[in-house]
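Biologist: Please take a close look at the aromatic side chains in this model. Start with one ring pair, then work outward to the rest of the chain.

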Amino acid sequence: MDFNFTPEQEQLRDAVGKWVEKAYGFERRRAIVAEGGFDRAAWGELAELGLLGLTVAEQDGGMGMGAVEAMIVLEELAKGLVLEPYAQALIAAQALAHAPQALRQQWLPKLVQGQALIVLAHQEKGARYRLDQLQTQAEPQGQGYVLNGHKSLVPAGDHADAWIVPALLDGQVALFWVEQGAAGVQTQGYLTQDGSRAAELRLQASPAQLLCAAGDGQGLALLQQLAGIGTAAVCAEGVGVMEQTLALTADYMNQRKQFGVPIASFQALRHRIADMKMQLELGRSMSYYAWLKLAEAPADGTGAGDAAERERQQALSRAKYQLGQSMRYVGQQSVQLHGGIGVTDEYIGSHYFKKLTQLEMCWGDSLHHLGIVSENMQDTAGVFA
């Protein structure tokens, strides 16, 4: 199997990396945090680069690229600690691909052009990362539906133009589309640990359109697909942040002197850098594994398709667990090798550490995914036929 990137993919990486370096420096990021953690202008710049329509078909105005290209973009954006929730654009594009035609035609161009921020609002208190544990209820009303519920930690939720909201309809999970300004919608925004923005979303008899019906488990299946994109996105972001953290730490060790020599010359510290590099590469390989599985064709409703979907979910959990371990190790080692400066707000290294810590908790923490992997292990663990 060839794991080398194509020239086109390398060009994409280079273009995104240059934008991050030139247009999204540390000082701009600090200014965005001070202003609330989300910048509509930066969101528009991502659209100008074509990134918001990266996985949207060309006939719909997008770039028609795939999962590997999305992974590359996420890695590069993470290196600059970009606050805007780019993964939500990938999730929204996937959701709109399953939406009714009228809804897709109305909102897909807005997404691609950066005129709309569309986010998935799925987390609820007490659910413990379980997608099927919902309290939000949907009821038919006239030609549409109304929703009642409370969603937490919605990415940039108070800036969103529309939300994708999972809710129970006749006891089964269905996905609904709620627009900004709808009656009964209330948002409360706040900064998260890494400086990005999130919000509480409260729905009180709020009008909604059906995005994906609950019948035959369709709603839950689509929600799992969207969550899979989110989980894989965290893995790719983790790789990008770890790579920059390692580079920053190595550079610091080459400059910091003790006893008249750079501390990078101390054998014990060199071993710790080597261990950080090993954890980075373990995480990178598992991120590739997750995105390659995500790129495979979705389940087709047959036995073979269902088995492929179970394997995909397992792959995502394996990857997220390894990334959780790697991110924790790299972040903690970086702080220890830096000393006190590693946790000061003025130094970018502390922000890498906070980002790695937060990513470990996103889309299921390590214990959650370890539980999924262990529950699905067979007696042979896949070693013997």
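Modeller: W19 and Y24 are both buried. This is a predicted model, so every value here is computed from predicted coordinates. Two numbers describe any pair of aromatic rings: the distance of the centres and the angle of the planes. A search of the whole structure finds five aromatic pairs. One of them joins W19 and Y24, with 5.6 Å from centre to centre and 40 degrees between the planes. That pair counts as tilted, because stacked needs planes under 30 degrees apart and edge-to-face needs over 60.

Next, rings that meet a charge. The charged end of R13 sits over the ring of F5. Its distance from the ring centre is 5.1 Å. K110 does likewise with W107: the lysine's charged end sits over the tryptophan ring, 4.6 Å from the centre.

Another tryptophan deserves a stop for its backbone. W363 is not a glycine, yet its phi is positive, at about 55 degrees. Its place is the loop between α10 (348–361) and α11 (366–375). Is W363 buried or exposed? W363 has a relative accessible area of 18%. The cut-off for buried is under 20%, so W363 is buried.

R128 offers a second case of positive phi. The angle there is about 50 degrees, and R128 is not a glycine either. This arginine lies in the loop between β1 (118–120) and β2 (137–141). R128 counts as partly exposed because its relative accessibility is 45%, and that class runs between 20% and 50%.

Now the frame around these sites. The chain has 11 helices and nine strands. Its C-alpha atoms fill a box of roughly 80 × 55 × 40 Å along the principal axes. What radius of gyration would a compact globule of 385 residues have? The expected value is near 21 Å, and the chain has 21 Å, so the two agree.

Burial and contacts complete the picture. Of the 385 residues in the chain, 51% are buried, W19 and Y24 among them. Take the contacts with a separation of 6 or more: 72% of them link residues 24 or more positions apart. The accessible surface of the chain comes to about 17,600 Å². Carbon and sulfur atoms hold 51% of that surface.

Notes. Residues numbered from 1 in each chain as written. Predicted model: local features only at pLDDT ≥ 70, side-chain atom pairs only at ≥ 80, totals over all residues. Heavy atoms only, no water. Helix = DSSP H or I, 4+ residues; strand = E, 2+ residues; numbered from the N terminus. Buried < 20%, exposed > 50% of the residue type's maximum accessible area, 1.4 Å probe, protein only. Phe/Tyr/Trp six-rings, centres within 6.5 Å; stacked < 30°, edge-to-face > 60°. Lys NZ or Arg CZ within 6 Å of the ring centre and 35° of its normal. Rg over C-alpha atoms; globule rule 2.2 N^0.38 Å. Contact = heavy atoms within 4.5 Å. Areas by Shrake-Rupley, 256 points an atom, 1.4 Å probe, with all protein chains shown as cover.
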